[in-house]
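Student: Could we go through this structure together, one question at a time?
Tutor: Gladly, let's open it up and begin.

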Amino acid sequence: MIKKVKYLCDWILLSGSTLTVCLVLVVILWDIFSKGMSSVSWNFISHFPTDGMTKGGILPAIIGTLLLTLITTIFALPFGVACAVYLNEYARPSFLTNIIRACIRNLAGIPSIIYGLFGLALFVQTLRLGTSVLSAGLTLGLLSLPYIITTTEEALKRVPNSMREATLALGATQFETIKDVVLPKALPGILTGVILTMSRAAGETAPILFTGVAFYINGLTTSANQEFMALPYHLYMLSTQHQSIEQVRPLAYGTATILILLVFSLNIIAFYIRFKHRTQD
Amino acid sequence: MKYYFNCLIVLLMSCSGDNDTIKIKGSDTEVNLAVQLAESFHRINPGIFVSISGGGSGLGIASLLNGTADVANSSRSINEIEIEMFQQKGSPVDSFVFAQDAIAFVVAGDLPIDSISTTDLKNILDGHYTDWTSLTPKNMPINIYGRQSNSGTHDFVRKRLGIDFTPYAKQMNGNAQILEAIKADHSGIGYVGAGYVAHRGSGEIKVLTIYNEKNEKAVSPLDASMIAAGKYYFQRPLFQYYKAGSYDKIRPFIDFEKSEEGKRIIQSAGYYPVNK
Amino acid sequence: MTIKRREHTDWLLKQVFKGAGLITIGLLGGIFFMLIYNSFAFFVDVKPIDFFTGFQWNPENTKGKYGIAPLLVSTGLVTLGSMLIAVPLGIFTAAFLSELAHHRLKAILKPFIEMLAAIPSVAIGFLGIVLVGPGIAKLFGIANGLNALNGAVLLSVMALPTIITISEDAINAVPQTHREASLALGANKWETLFKVTLPAALPGLIAAVMLGLGRALGETMTVLMATGNASVLPTGFLDAVRTITATIAIEMGEVPYQTTHYFALFAIAVVLFLITLFINLLGEYFANRLRKFQA
């Protein structure tokens with residue numbers, strides 16, 4: 001009898017934990033969406049903030065985040081894929097390549113604020129790019145590099161060696177093998193990694209704090225060396241440093257809603273690609 | 001693949017010289033005012049791109065020094081060390097006072113104290129008094145809500161009273177967080193720019209009136225005539241610093257601030273016009 | 001195209017890839033060197049002893065005090081608190097997912113966990129200000145809910161997905177033979193789980209905890225928004241604290257370049273970097289032990 005009670009306790013422990021975790025997610029989403037949906041409207045997405053940012057919309061923040069993510073991807077994608085291709089296809093496995101891989105894995109775990117520091121020292125200061133969407137995009141690009149390299153390498157590894165050997169046997173050069181056979185086969189995996197990186201970059205705040213984000217801009221960012229507004233920073237400012245915090249609380253909730261919707265849609269796209277690819281094999 | 005290169009070229013081409021952006025950074029006290037000014041400025045002068053950030057007076061001056069800002073909003077005056085750093089860089093700095101501000105000391109609406117002397121304030125903020133018993137019948141610990149070291153407001157209060165803040169003072173991220181904290185904490189005391197409390201005459205927050213000597217009349221930071229006469233202990237000019245060489249670039253915005261429209265916006269934000 | 005042309009193109013592109021690869025690695029290595037270089041400049045001005053044992057972090061102009069101890073203790077307190085919450089919750093959830101859940105339930109729950117991982121840190125920090133903080137204030141009857149406890153709860157939410165995913169992998173990797181042997185010897189489902197499977201998965205579980213810890217240590221925005229940012233030595237969970245990451249975020253913008261304060265921030269960044277590096281390396285070591293099972 002005691003044993004039966006003990007088993008029940010164990011069962012409660014395990015399922016209770018799972019339930020708690022699920023509940024946490026539900027509470028987070030419920031709180032943000034329920035209080036944010038009332039602020040979200042077409043006006044909200046398409047207008048500038050007005051009246052000292054207590055009314056109006058968050059258009060510049062949305063555009064800024066999209067522009068920033070675009071720049072990040074433009075810089076991180078080629079370098080990341082090229083590095084992964086080099087490590088996996090060209091370089092001979094040696095002690096050096098193992099060290100390099102270990103370094104990349106550890107760099108993925110470095111706090112994002114340290115990337116911000118580096119971006120400040122390198123892009124803003126040394127390269128004299130100033131605080132701009134370019135500096136911030138490059139910094140986020142650095143942040144994303146380890147992740148893109150690791151996911152691309154995993155995608156490349158999944159391409160069976162027999163395919164490479166067959167192509168080479170037919171007379172293709174190594175580059176042609178990579179270009180026409182390996183990369184297309186690994187493309188879904190690479191794409192998934194890129195989209196997840198974009199989703200992460202869209203939500204990052206710490207690296208852009210000192211490399212180019214602004215509290216308010218009075219026009220849309222049109223050139224790469226202007227400052228920009230961004231959704232995560234906007235949320236941060238509206239909830240901690242704005243003049244009338246309580247008045248703008250609904251706007252903060254709305255911003256959080258839009259940010260989470262953006263991040264989730266990117267994740268869902270990545271998930272869909274991964275799902276479709278898996279069912280193909 | 002070909003789209004990629006086109007994107008890259010367009011991007012790099014847009015990295016042309018950035019002569020039409022005015023970057024304004026600095027004081028959290030001044031940032032909301034700057035935003036309102038920029039919003040109206042945009043209507044008159046849509047060709048000029050203005051970007052504004054807060055972060056504290058220290059951040060503004062450092063950004064000006066580092067070249068990442070054109071105008072530094074500062075609610076404290078620049079100090080000798082900073083002036084020296086500008087001179088070392090070969091770009092001396094000029095200033096423009098665009099408003100006067102008063103620092104309000106706030107407590108919760110139900111705390112039984114209405115006015116306070118500067119001596120008592122000194123003792124509270126440097127940690128000598130740890131509870132309210134010396135000033136009120138209530139025996140509650142004093143919780144101080146202040147700013148961080150990069151804040152001009154923080155710096156001004158410190159220098160005006162000639163003290164060092166107790167390390168137990170909570171360092172909030174901005175004026176607004178301080179007000180939120182005071183509303184929630186009925187034994188707290190904090191300091192904010194008067195502009196933040198001017199329009200919020202709610203019962204939840206009480207602005208203390210300040211007197212210096214025993215027989216002086218206590219002055220409120222919301223009293224425009226006393227501010228104009230320079231009689232409030234914690235009033236100060238709000239500065240905008242800029243590098244002397246870049247005046248032409250920022251002149252449109254400064255001119256706007258000096259105009260009638262600009263002055264109207266400044267006053268409606270709860271600040272006081274400059275006595276000139 | 002002639003063979004020679006193709007071979008030439010191939011060689012050229014190999015150099016391009018090599019170059020891109022090396023530039024990438026160089027940039028990433030540059031981070032490390034920049035940190036070290038700038039922090040050396042700091043130790044020229046301030047003695048390492050003062051830095052590591054000084055109990056005040058108060059960098060005002062010339063008479064600055066640069067003691068890292070309150071920052072380290074704050075960081076440690078918040079992170080430890082988050083692990084106390086996240087580790088049991090995470091491991092038990094992982095055990096549920098891999099041992100008890102019907103595979104359809106699993107297919108629904110796994111996306112849940114991924115969604116939790118996708119939420120940006122600002123949003124979590126925001127909830128700390130509007131939801132959790134006031135909740136803590138009400139629960140403990142204190143005025144302000146921005147303290148270490150708030151930070152710990154929020155950080156545990158951020159670390160949970162990592163811990164759950166990796167723990168689940170670890171538990172799945174335990175060979176079925178272990179479970180079968182235990183059941184054959186007369187143990188039931190629970191005894192097998194707690195006395196055989198989980199201990200067998202231990203290296204992987206430790207890896208999960210280490211990686212979750214690394215995640216919690218490196219979090220900036222969440223703690224910046226939710227912990228009150230008083231840079232004193234905290235005395236308990238209900239005190240306001242300021243972590244290393246928050247200190248860097250707050251003070252980085254206000255320092256003129258190349259001053260002692262500027263270098264000081266790099267110094268604490270190096271300390272943080274080394275701590276996270278160490279923890280990640282430990283995690284990798286244990287993850288390798290886990291992979292031995294999978295082979």
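**The core and its surroundings**

Tutor: In this predicted model, the largest nonpolar core has 254 residues, and those with the most contacts inside it are A:Leu117, A:Leu235, B:Ile52, B:Ala104, C:Ala123, C:Ile268 and C:Ala269.

Student: Which helix gives the most to this core?
Tutor: The core's best-connected residues include A:Leu117 and A:Leu235. With 16 residues, the element that gives the most also belongs to chain A. It is helix α3 (residues 59-90) of chain A.

Student: Which residues of chain C does A:Leu235 touch?
Tutor: Leave aside residues up to four places away in sequence. Within chain A, A:Leu235 touches A:Ala252, A:Thr255, A:Ala256 and A:Leu259. Its partners in chain C are C:Val122, C:Ala123 and C:Phe126.

Student: How many residues of chain C are in contact with chain A?
Tutor: One example is C:Ala123, which A:Leu235 touches. On the chain A side, 62 residues take part, and for chain C the count is 62.

Student: And which helix gives the largest share of the side of chain C that touches chain A?
Tutor: That side divides into 44 nonpolar, eleven polar and seven charged residues. The largest share is 17 residues, and they come from helix α1 (residues 3-45) of chain C.

Student: How many helices and strands are there in chain C?
Tutor: Read along the sequence, the pattern is α-α-β-β-α-α-α-α-α-α-α-α-α-α. The C-alpha trace spans about 80 × 70 × 35 Å along its principal axes. Chain C has twelve helices and two strands.

Student: What percentage of chain C is buried?
Tutor: A residue counts as buried if 20 or more other C-beta atoms lie within 10 Å of its own. Of the 295 residues in chain C, the buried ones make up 51%.

Student: Among contacts in chain C between residues at least 6 apart in sequence, what percentage join residues at least 24 apart?
Tutor: Here we set aside pairs in chain C that are less than 6 apart in sequence. Of the contacts that remain, those joining residues at least 24 apart make up 74%.

Student: Why is α4(A) oblique to α6(A)?
Tutor: Helix α4 (residues 95-107) of chain A and helix α6 (residues 133-157) of chain A pack with their axes 8 Å apart, at an angle of about 125°. An angle between 115 and 145 degrees falls in the remaining class, so α4(A) is oblique to α6(A).

Student: Is their crossing left-handed or right-handed?
Tutor: In this contact, A:Ile104, A:Arg105 and A:Leu107 of α4(A) meet A:Pro146, A:Ile149 and A:Thr150 of α6(A). These residues divide into four nonpolar, one polar and one charged. The crossing of α4(A) and α6(A) is left-handed.

Definitions and conventions:
Residues are numbered from 1 along each chain as its sequence is written. Chains are lettered from A and ligands numbered from 1 in the order in which they are written. This is a predicted model: local features need pLDDT of at least 70, side-chain atom pairs count only at pLDDT 80 or more; totals for chains, interfaces and linings use all residues. Two residues are in contact if their C-beta atoms, placed from the backbone, lie within 7 Å. Helices (H or I, at least four residues) and strands (E, at least two) are DSSP runs, numbered from the N terminus. Ala, Val, Leu, Ile, Met, Phe, Trp, Tyr, Cys and Pro count as nonpolar, Asp, Glu, Lys and Arg as charged, and the others, Gly among them, as polar. A residue is buried if 20 or more other C-beta atoms lie within 10 Å of its own, exposed if 12 or fewer, and partly exposed in between; C-beta atoms are placed from the backbone. A nonpolar core is a set of buried Ala, Val, Leu, Ile, Met, Phe, Trp, Tyr and Cys residues joined through C-beta atoms within 7 Å. Axes are lines fitted to C-alpha atoms, for helices over the stretch in contact, and angles run from 0 to 180 degrees between N-to-C directions. Angles under 35 degrees count as roughly parallel, over 145 as roughly antiparallel, 65 to 115 as roughly perpendicular and the rest as oblique. A crossing is left-handed if the near helix is turned anticlockwise from the far one by less than a right angle, and right-handed if clockwise.
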